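Visitor: I would be grateful for a close look at a single part of this structure, namely its aromatic pairs. Please begin with the overall arrangement and then describe what surrounds that part.

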Amino acid sequence: MKYLLLSFLYFCWISGALAETSSAEAATTQKPFVLIARLHALPDQSAEVIRLSQAADKAVMATEPGMLLHTFDQDPADPLGFVWTEVYADSHSLIFHLENPPLQQYLSEVSPLLDSFTVELYGEVSQEAVERLRSTGTPTTHYESKFGYIRDLTP
């Protein structure tokens, strides 16, 4: 009987620890984070990169409610350099973005026009989302947050 009680208590303790781990991972995947994608166009390709990027921006706006901010900016010191700044609602939104057909089409069309494409992630992003991004072959650096906050802007 004592063994059964100890086994039950151990099971409860392990279940609670696993639930805490799952909750921690769920909390991580539910926080907004920032992605910076840096592109560099081949000579004489910047106009086409801008055209394709504008079309991709419109498609993402129409199909991705988890994309909270999506801007495409040109490097002031290098007319062939561009930066996508993206804020995602959560890690699931990044996974959706990577699987979204308009994004896949954009990447297949714009990649031959670039000599470099890198991604930086800032914030708490699930390991699954980071691995999915890296599996595309895109050089990716994940800067994990040590501290900070996200202000609640809901009215």
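Guide: Read from the N terminus, the elements of the protein chain follow the order α-β-α-β-β-α-α-β-α-β. This is a predicted model, and its secondary structure amounts to five helices and five strands. Of the 155 residues in the protein chain, 32% are buried. Among contacts with a separation of 6 or more, 66% join residues that stand 24 or more positions apart.

We may now turn to the aromatic rings. A pair of aromatic rings is described by two quantities, the distance of the centres and the angle of the planes. The count of such pairs here is five. One of them consists of Phe72 and Trp84, whose ring centres are 4.7 Å apart. The planes of these two rings stand at 55 degrees, so the pair is tilted; the tilted class covers angles that are neither under 30 degrees nor over 60. Phe72 belongs to strand β2 (residues 67-74) and Trp84 to strand β3 (residues 81-88), so this pair ties together parts that are twelve residues apart in sequence.

The two partners may also be considered by their accessibility. Trp84 has a relative accessible area of 3% and is therefore buried, since buried means under 20%. Phe72, with a relative accessible area of 22%, is partly exposed. These two residues also belong to a wider group, for Phe72, Phe82, Trp84 and Tyr106 form one aromatic cluster.

A further pair is made by Tyr122 and Tyr143, with ring centres 4.7 Å apart. Their planes stand at 5 degrees, so this pair is stacked, because planes under 30 degrees apart count as stacked. Tyr122 lies in strand β4 (residues 114-122) and Tyr143 in strand β5, so the pair ties together parts that are 21 residues apart in sequence. Tyr122 is partly exposed, at a relative accessible area of 31%, and Tyr143 is partly exposed as well, at 40%.

Strand β5 (residues 140-143) also contains His142. With a relative accessibility of 18%, His142 counts as buried. Its side chain reaches the backbone oxygen of Gly123 at 2.8 Å. Leaving aside residues up to four places away in sequence, His142 touches Leu121, Gly123, Val125, Val130 and Arg134.

Gly123 leads us to the pockets. The second largest pocket holds about 210 Å³ of space. It is lined by 13 residues, of which Pro32, Gly123, Ser145, Tyr149 and Ile150 are the closest to its centre. This lining divides into eight nonpolar, three polar and two charged residues.

The largest pocket holds about 280 Å³ of space. Its lining has 22 residues, and the closest to the centre are His97, Leu103, Leu107, Phe117 and Val119. Strands β3 and β4, already met through the aromatic pairs, are among the elements that each supply at least two residues of this lining. The others are β1 (33-41), α2 (46-63), α3 (91-99) and α4 (101-110). By residue class, the lining of the largest pocket comprises 15 nonpolar, five polar and two charged residues.

Methods:
Residues numbered from 1 in each chain as written. Predicted model: local features only at pLDDT ≥ 70, side-chain atom pairs only at ≥ 80, totals over all residues. Heavy atoms only, no water. Helix = DSSP H or I, 4+ residues; strand = E, 2+ residues; numbered from the N terminus. Buried < 20%, exposed > 50% of the residue type's maximum accessible area, 1.4 Å probe, protein only. Polar contact = N/O pair within 3.5 Å; in protein donor to acceptor, adjacent residues only side chain to side chain. Contact = heavy atoms within 4.5 Å. Phe/Tyr/Trp six-rings, centres within 6.5 Å; stacked < 30°, edge-to-face > 60°. 1 Å grid on protein atoms, 1.4 Å probe; cavity = no way out; pocket = protein on both sides within 12 Å on 5 of 7 lines; lining within 4 Å. Points joined across faces, edges and corners; volume = space filled by probe spheres on them. Nonpolar A, V, L, I, M, F, W, Y, C, P; charged D, E, K, R; others polar.
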